[in-house]
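Reader: I am new to this structure and would like to find my way around it. Could you take my questions one at a time?

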Amino acid sequence: MSKVVRKRASGPGAAVPGPAARPAAANKAGTAAKARKAAAKPRIRARAGRLAPAEVRELFSRLRELNPHPTTELEYSTPFELLVAVALSAQATDVGVNKATRRLFPVANTPQAILALGEDGLKRYINTIGLYNAKAANIIATCRILLERHGGEVPRQREALEALPGVGRKTANVVLNTAFGEPTIAVDTHIFRVSNRTGLAPGKDVRAVEDALLRTVPAEFMQDAHHWLILHGRYVCKARKPDCPRCVIRDLCRFPDKTPGSAEG
């Protein structure tokens with residue numbers, strides 16, 4: 001990208017081809033027009049590109065300075081509580097999940113205790129959350145598997161996690177990262193949006209973005225990258241109207257439609 005910019009930047013200063021007898025005014029006007037055209041192209045292309053490695057490091061350095069110890073906004077105290085909370089959070093807000101688990105966990109926060117509630121009993125605690133019928137069925141089935149195959153403990157292996165009912169790659173990544181400290185990144189809608197808008201790790205789907213992030217994020221930031229990007233997407237780089245004026249990485253961001261007041265206008 002930098003080579004293209006330098007090549008185009010040098011263009012306007014070159015002589016404009018044409019007959020030797022071409023009028024000076026026309027020659028000057030043509031050169032100016034080409035200069036304007038050449039000057040516009042690098043800016044458009046730069047915004048569509050990926051961040052350079054130095055820019056990626058700067059991006060995460062700023063997010064770290066703003067929030068040195070990020071964590072999930074889901075409330076939990078054990079890996080099992082986190083697993084249940086993340087399972088409940090699909091198509092629901094963390095605020096809504098926390099309201100439900102504040103009622104549920106004091107009563108039942110182990111696989112044995114939730115099985116004792118039964119599916120109908122569990123529903124009474126989580127019926128304020130979307131898709132609670134399916135989620136209750138999955139959680140009950142998960143509790144049985146944890147007791148039968150894992151001694152009642154949440155497994156630390158991706159394959160075992162993804163074998164649990166209702167647990168996909170994203171949920172497994174959250175548990176591995178947040179409960180067990182694994183350097184994984186769970187790509188939700190917020191991370192997908194931020195990664196594509198900024199040029200950090202563009203991708204056509206969540207798996208492509210996840211793979212790109214794992215290749216791009218420096219090792220020193222990998223553990224917390226998941227949380228920084230989610231929080232940035234949730235509170236600053238919002239879907240409908242990003243809050244670009246107060247974004248700490250706005251000068252690095254490739255997003256062409258920044259809201260007024262940012263460094264890019």
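Author: Gladly, and please keep in mind that this is a predicted model. Let us begin in helix α11 (residues 206-216), where D211 and R207 are four residues apart and so separated by about one helical turn. Their side chains meet in a salt bridge, with N to O at 3.1 Å.

Reader: Is D211 buried or partly exposed?

Author: Buried would require a relative accessible area under 20%, and exposed one over 50%. D211 has 27%, and its partner R207 has 41%. Because 27% falls between the two limits, D211 counts as partly exposed.

Reader: Which residues share partners in a salt-bridge network?

Author: One pair to look at is R64 with E220, whose side chains form a salt bridge of 3.1 Å, N to O. R64 lies in helix α3 and E220 in helix α12, so this pair ties together parts that are 156 residues apart in sequence. Salt bridges with shared partners make one network of R57, R64 and E220.

Reader: What is the closest distance between N and O atoms in the salt bridge of E55 with R254?

Author: E55 sits in helix α3 and R254 in the segment after α12, so their pairing links parts 199 residues apart in sequence. R254 is buried, at a relative accessible area of 13%. The closest N and O atoms of E55 and R254 are 2.9 Å apart.

Reader: How many salt bridges does a search of the whole structure find?

Author: Side chains of opposite charge can pair when their charged atoms come close. The pair E55 and R254 is one example. For the whole structure, the search gives a count of 13.

Reader: Why does R193 have no salt bridge, and which side chain of opposite charge is nearest?

Author: R193 lies in helix α10 (residues 189-198) and is buried. A salt bridge needs a nitrogen and a carboxyl oxygen within 4 Å, whereas the nearest side chain of opposite charge is 7.4 Å away, so R193 has none. R193 does have a polar contact of 2.8 Å with the side chain of H190. The nearest side chain of opposite charge belongs to D188.

Reader: Are the rings of F60 and F221 stacked or edge-to-face?

Author: A pair of aromatic rings is described by the distance of the centres and the angle of the planes. Here the centres are 5.7 Å apart and the planes stand at 20°. Planes under 30 degrees apart count as stacked, so the pair of F60 and F221 is stacked.

Reader: Which residues form one aromatic cluster?

Author: F221 also pairs with W228: their ring centres are 6.3 Å apart and their planes are at 65°, so this pair is edge-to-face. F221 and W228 are both buried, and F60 is buried as well. The cluster is made of F60, F221 and W228.

Reader: Which helix supplies the largest share of the largest nonpolar core?

Author: This core has 33 residues, and V84, I114, L122 and L161 touch the most other members. The helices α4 (79-88), α5 (94-104), α6 (111-126), α7 (132-149) and α9 (169-179) each provide at least two residues. With seven residues, the largest share comes from α4.

Reader: How many residues are in the second, separate core?

Author: Nonpolar side chains tend to be buried together in soluble globular proteins. Members of the second core include V56, V194, A201 and I230. This separate core has 26 residues.

Key: Residues are numbered from 1 along each chain as its sequence is written. This is a predicted model: local features need pLDDT of at least 70, side-chain atom pairs count only at pLDDT 80 or more; totals for chains, interfaces and linings use all residues. Side-chain values use heavy atoms; hydrogens and water are left out. Buried means under 20% relative accessible area, exposed over 50%, partly exposed in between (1.4 Å probe, protein chains only). Lys and Arg count as positive and Asp and Glu as negative; His and the chain ends are not counted. A polar contact is a pair of N or O atoms within 3.5 Å; within protein, one must be able to donate a hydrogen and the other to accept it, and residues adjacent in sequence count only if both atoms are side-chain atoms. A nonpolar core is a set of buried Ala, Val, Leu, Ile, Met, Phe, Trp, Tyr and Cys residues joined through side-chain atoms within 4.5 Å. Rings of Phe, Tyr and Trp (its six-membered ring) pair if their centres lie within 6.5 Å; planes under 30 degrees apart count as stacked, over 60 as edge-to-face and the rest as tilted.
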